[in-house]
Amino acid sequence: VSSYQDVDFVAQAPFADWRDLRQQEGCEEESSLMDISWASGNMVTAQSALDHILQMSDLQLAKYGSFVDTGSKDTVTRIFKDYFSFTNYELAYDIAPSDIRAELGKGNLVVVPVNGKALKNPRFQSGGPQRHMIVVTGFDWETGDFITNEPGTKNGKDYRYSYQTMTNSLRDYVSGTYVPIPANIGTAMIIV
């Protein structure tokens, strides 16, 4: 593995309470928390993750009317800026897996919005969410796999997705509760 950062991992439902909509839909919040905590040198525990997910959801509901499915632009506005007051990031559009790999090579982390169904993760229920966000922590040059912190499963630490799977799944989405995804939505990544 030539480019890899060891990042604290906690699933978006830290204590497996998937019935709570804030946790069920908390991939953007948890991915942001893992990245920002890594960049800030802070540790993430299951309890701190739960506290942050609930607080982030409450803030978004009060200020924006919804916390479900925030696309890349709204994730940086609502979570990175509003909640964490974190500014050490870059938002890039129309990206490919090679762009992610290049950022990892610089020692950065990357958060990407994806089509969760295209990930074909066997640990997802119902084939996974159409709108999902993951942390990419590394790239394995020998296997061609991206190494991720996949918040959608308790077994998501260092979860691997092939280069082709990443290519097939990259897709931004529109913020809001299950808003239709335009065919020409494009791709994005948040670089930390």
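Reader: Is Ala16 buried or exposed?

Author: This is a predicted model. Ala16 sits in the loop between strand 1 (3-4) and helix 1 (21-24). Its phi is near 65 degrees, a positive value in a residue other than glycine. Over 50% relative accessible area counts as exposed. Ala16 has a relative accessible area of 52%, so Ala16 is exposed.

Reader: Where is Ser126 found, and what is its relative accessibility?

Author: Ser126 is not a glycine, yet it has a positive phi of about 55 degrees. Ser126 lies in the loop between helix 6 (116-119) and strand 4 (132-140). Ser126 counts as exposed, and its relative accessibility is 69%.

Reader: Which residues of strand 7 point the other way from Ala188 and Ile190?

Author: Strand 7 covers residues 188-191. Ala188 and Ile190 point one way, and all four residues named for this strand are buried. The residues that point the other way are Met189 and Ile191.

Reader: Which residue in strand 7 is the bridge partner of Tyr93?

Author: Strand 2 (residues 90-93) and strand 7 run antiparallel. Four bridges join them. Tyr93 has its bridge partner in strand 7, and that partner is Ala188.

Reader: Which residue of strand 7 stands opposite Val111?

Author: Strand 3 (residues 110-114) is joined to strand 7 by two bridges. These two strands run antiparallel. Opposite Val111, in strand 7, stands Ile190.

Reader: How are helix 2 and helix 4 set to each other, parallel or oblique?

Author: Helix 2 spans residues 27-40 and helix 4 residues 72-83. Their axes lie 10 Å apart, at an angle of about 60 degrees. Roughly parallel needs an angle under 35 degrees, and roughly perpendicular needs 65 to 115. The two helices are therefore oblique.

Reader: Which residues of helix 4 make the contact with helix 2?

Author: Helix 2 passes helix 4 in a right-handed crossing. Helix 2 brings Glu28, Glu29, Ser32 and Ile36 to the contact. By class, the contact has three nonpolar, two polar and two charged residues. From helix 4 come Thr75, Ile79 and Phe80.

Reader: At what angle do helix 2 and helix 3 pack?

Author: Helix 3 covers residues 46-64, and its axis is 10 Å from that of helix 2. The two helices are oblique because of their packing angle. That angle is about 125 degrees.

Reader: Which residues of helix 2 make the contact with helix 3?

Author: The crossing of helix 2 and helix 3 is right-handed. Helix 3 supplies Ala49, His52, Ile53, Met56, Ser57 and Gln60. The contact has four nonpolar, three polar and two charged residues. On the helix 2 side are Glu29, Glu30 and Leu33.

Terms used. Residues are numbered from 1 along each chain as its sequence is written. This is a predicted model: local features need pLDDT of at least 70, side-chain atom pairs count only at pLDDT 80 or more; totals for chains, interfaces and linings use all residues. Side-chain values use heavy atoms; hydrogens and water are left out. Buried means under 20% relative accessible area, exposed over 50%, partly exposed in between (1.4 Å probe, protein chains only). Two strands pair if DSSP finds at least two bridges between them. Axes are lines fitted to C-alpha atoms, for helices over the stretch in contact, and angles run from 0 to 180 degrees between N-to-C directions. Angles under 35 degrees count as roughly parallel, over 145 as roughly antiparallel, 65 to 115 as roughly perpendicular and the rest as oblique. A crossing is left-handed if the near helix is turned anticlockwise from the far one by less than a right angle, and right-handed if clockwise. Contact means heavy atoms within 4.5 Å. Ala, Val, Leu, Ile, Met, Phe, Trp, Tyr, Cys and Pro count as nonpolar, Asp, Glu, Lys and Arg as charged, and the others, Gly among them, as polar.
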